[in-house]
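Colleague: I have a new model open and I do not know where to begin. Could you take me through the features in turn?

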Amino acid sequence: VFTTVAQPYDLVQGVFADVSADEATFREIVPPGLTNLDVKLWSVETAGILNAVYKFTIKTGCVANNESFGPTYNASSTLTLTGPSANNRVATGTVTGVATTNCAAGEYMVVSIARDSTDSATTDIAITGANLLFTRSLN
């Protein structure tokens, strides 16, 4: 088993509003031998309720050569992130085992991150980056 980390992504549209299901997507090529995907989010709270609990849904969909570009997404995973204890500080959260069903090596993977508007936080939060952690089999 071998683990690789994809480059961090700078989510340009990274402010997720309180009462909406704001969404950001980014893309990656599926590595050979993929056995597991974990996603880590980086956030910063600039002016809000400190230590607030935010929820995000994360899902993947893959597109092979000559398939329609709009992927059919897999079941979503929920990432719970506790905001920082002071303004202008970084907080991170990780979700493990994000579904990658029907994703094959070399395909175009679309990763969707959306704010779960049912969380208890009442403020916006800025997601400043995301890491994909791929676990692969080298057999």
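Modeller: We go from the whole chain down to single residues.

Colleague: How far can I trust the model, and what is its mean pLDDT?

Modeller: This is a predicted model. Look at pLDDT, the predictor's confidence in each residue. The mean for the chain is 81. Of its residues, 82% reach 70 or more. Then look element by element. Strand 1, residues 2–5, has the lowest mean among the elements, at 53. Strand 5 has the highest, at 91.

Colleague: How many helices and strands does the chain have?

Modeller: There are nine strands and zero helices. Read along the sequence, the pattern is β-β-β-β-β-β-β-β-β.

Colleague: What share of the contacts joins residues at least 24 apart in sequence?

Modeller: Start with contacts between residues at least 6 apart in the chain. Of these, 82% join residues at least 24 apart. Here is one pair to find on screen. Thr135 and Leu34 are 101 residues apart along the chain. Their C-alpha atoms are separated by 5.9 Å. Thr135 is in strand 9. With a relative accessible area of 14%, Thr135 is buried.

Colleague: What percentage of the chain counts as buried?

Modeller: The chain has 139 residues, and 45% of them count as buried. The cut-off for buried is under 20% relative accessible area. Next, find the largest nonpolar core. This core has 25 residues. Those with the most contacts inside it are Val39, Leu41, Phe56, Ile58, Leu81 and Met109.

Colleague: Which elements give two or more residues to this core?

Modeller: They are strand 4 (34–45), strand 5 (53–63), strand 6 (77–82), strand 7 (89–95), strand 8 (108–115) and strand 9 (125–136). Strand 9 gives the largest share, five residues.

Colleague: Let us take one core residue. Where does Val39 lie, and is it buried or exposed?

Modeller: Val39 lies in strand 4. Val39 counts as buried because its relative accessibility is 0%. Now list what it touches, leaving out residues up to four places away in sequence. Val39 touches Ile58, Leu79, Gly93, Thr94, Val95, Val98, Asn131 and Leu132. Also check the distance to Thr96. Val39 and Thr96 are 57 residues apart in sequence, yet 6.6 Å apart C-alpha to C-alpha.

Colleague: Which residues is Leu41 in contact with, beyond its neighbours within four places in sequence?

Modeller: Its contacts include Phe56, Leu81, Ile113 and Ile127. Gly93 is also among them.

Colleague: Now a polar residue. Is Ser77 buried or exposed?

Modeller: Ser77 counts as buried because its relative accessibility is 13%. Ser77 is in strand 6. Beyond residues up to four places away, Ser77 touches Phe56, Thr57, Ile58, Val95, Gly97, Val98 and Ala99.

Colleague: And a charged one. How does Lys55 rate?

Modeller: Lys55 is partly exposed, with a relative accessible area of 30%. Lys55 is found in strand 5. Neighbours within four places aside, Lys55 is in contact with Thr78, Leu79, Thr80, Ala114, Arg115, Asp116 and Asp119. Lys55 and Ala121 are 8.5 Å apart, C-alpha to C-alpha, and 66 residues apart in sequence.

Colleague: What should I look for in the backbone angles?

Modeller: Most residues other than glycine have a negative phi. Exceptions deserve a look. Asn66 has a positive phi of about 70° although it is not a glycine. Asn66 is in the loop between strand 5 and strand 6. With a relative accessible area of 78%, Asn66 is exposed.

Colleague: What is the phi of Asn102, and where is Asn102?

Modeller: Asn102 has a positive phi of about 65°, and it is not a glycine. Asn102 is in the loop between strand 7 and strand 8. Asn102 is exposed, with a relative accessible area of 69%.

Colleague: Last, empty space. What is the volume of the largest pocket?

Modeller: Rolling a probe the size of a water molecule over the atoms shows where empty space is left. Here the largest pocket has a volume of about 160 Å³. There are 13 residues lining this pocket. The closest to its centre are Cys62, Pro71, Thr72, Thr101 and Asn102. By class, the lining has four nonpolar, seven polar and two charged residues. Asn102 links two of our topics: it has a positive phi, and it is one of the lining residues closest to the pocket centre.

Key: Residues numbered from 1 in each chain as written. Predicted model: local features only at pLDDT ≥ 70, side-chain atom pairs only at ≥ 80, totals over all residues. Heavy atoms only, no water. 1 Å grid on protein atoms, 1.4 Å probe; cavity = no way out; pocket = protein on both sides within 12 Å on 5 of 7 lines; lining within 4 Å. Points joined across faces, edges and corners; volume = space filled by probe spheres on them. Nonpolar A, V, L, I, M, F, W, Y, C, P; charged D, E, K, R; others polar. Core = buried A, V, L, I, M, F, W, Y, C linked by side-chain atoms within 4.5 Å. Buried < 20%, exposed > 50% of the residue type's maximum accessible area, 1.4 Å probe, protein only. Helix = DSSP H or I, 4+ residues; strand = E, 2+ residues; numbered from the N terminus. Contact = heavy atoms within 4.5 Å. pLDDT = per-residue confidence, 0-100.
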